[in-house]
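Biologist: Could you take me through one part of this model in detail? I'd like a close look at the place where the domains meet.

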Amino acid sequence: MQNLGDFKLPQFFNYPPYFTLQPVRETRDKQVQLWKEMILDYCRTQKIYVIGLEEDFPLFTNHVIERSLSHEARQAFLSALVSDGRAEWMDKSHRKCLILWHGVQDWADLILHFVKENGLEDSVMTVEEIRTGTESRGTELHGMDRTLLMRALKLLERKGKLVIFKGNFGRR
């Protein structure tokens, strides 16, 4: 079994036809499903939040079997994640994709759990403290994508669970 760093790649990753979009509908559906699961699992374990369609993404090339996904295949797999609500295009040209291995509601729940676990109710925290502070070390929130964190915080604000306010840091 091939590894990519500490990530154990699935068997199909070494099967050359899976790097070419399959013409038979049932086979393609299975191929798309396998790729979606692998992309989500890889992004979760490696804490990757954004995939650029035209950037070097480790899963899109298998050097051992000398295969790379075409632009069309990359687009198909990421679009399938978007259709499932597990990703969102970040731009109108569909070049960058925000990967949601947890949905926004799930991230919001993780934030609430984090706050309760650390006794931070009724306290003020900055977005950066949540993302990179000592309290968040060792949690899924540590290093979280800022855009995704803000979306989860805004969801909690709409539900009356917190209040977001902008500071005047550095302004007079």
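**Where the domains meet**

Modeller: Sure. An automatic or database domain assignment splits the chain into domain 1 (3–99) and domain 2 (104–158). Bear in mind that this is a predicted model, so local features need pLDDT of at least 70 and side-chain atom pairs count only at pLDDT 80 or more, while totals for chains, interfaces and linings use all residues. Residues are numbered from 1 along each chain as its sequence is written, and side-chain values use heavy atoms, with hydrogens and water left out.

The C-alpha centres of the two domains are 28 Å apart. Six residues of domain 1 touch 10 residues of domain 2, where contact means heavy atoms within 4.5 Å. Together the domains bury about 580 Å², with 52% of that on carbon and sulfur atoms; buried area is the accessible area (1.4 Å probe) that two parts lose on being put together, summed over both. On the domain 1 side, Lys47, Tyr49 and Leu98 supply 70% of the area buried against domain 2, more than any other three residues.

Now the polar side of things. The rule finds one salt bridge across this interface, taking a salt bridge as a side-chain nitrogen of Lys or Arg within 4 Å of a carboxyl oxygen of Asp or Glu. Glu88 and Arg151 pair up through their side chains in a salt bridge, at 2.5 Å from N to O.

As for cysteines, the disulfide count is zero, a disulfide being a pair of cysteine sulfur atoms within 2.5 Å. Cys43 is in no disulfide, and its nearest cysteine sulfur, that of Cys97, lies 9.0 Å away. That is too far for a bond. Cys43 is buried, at 0% relative accessible area, and Cys97 is buried at 0% too; buried means under 20% relative accessible area (1.4 Å probe, protein chains only).

Definitions and conventions
Buried < 20%, exposed > 50% of the residue type's maximum accessible area, 1.4 Å probe, protein only.
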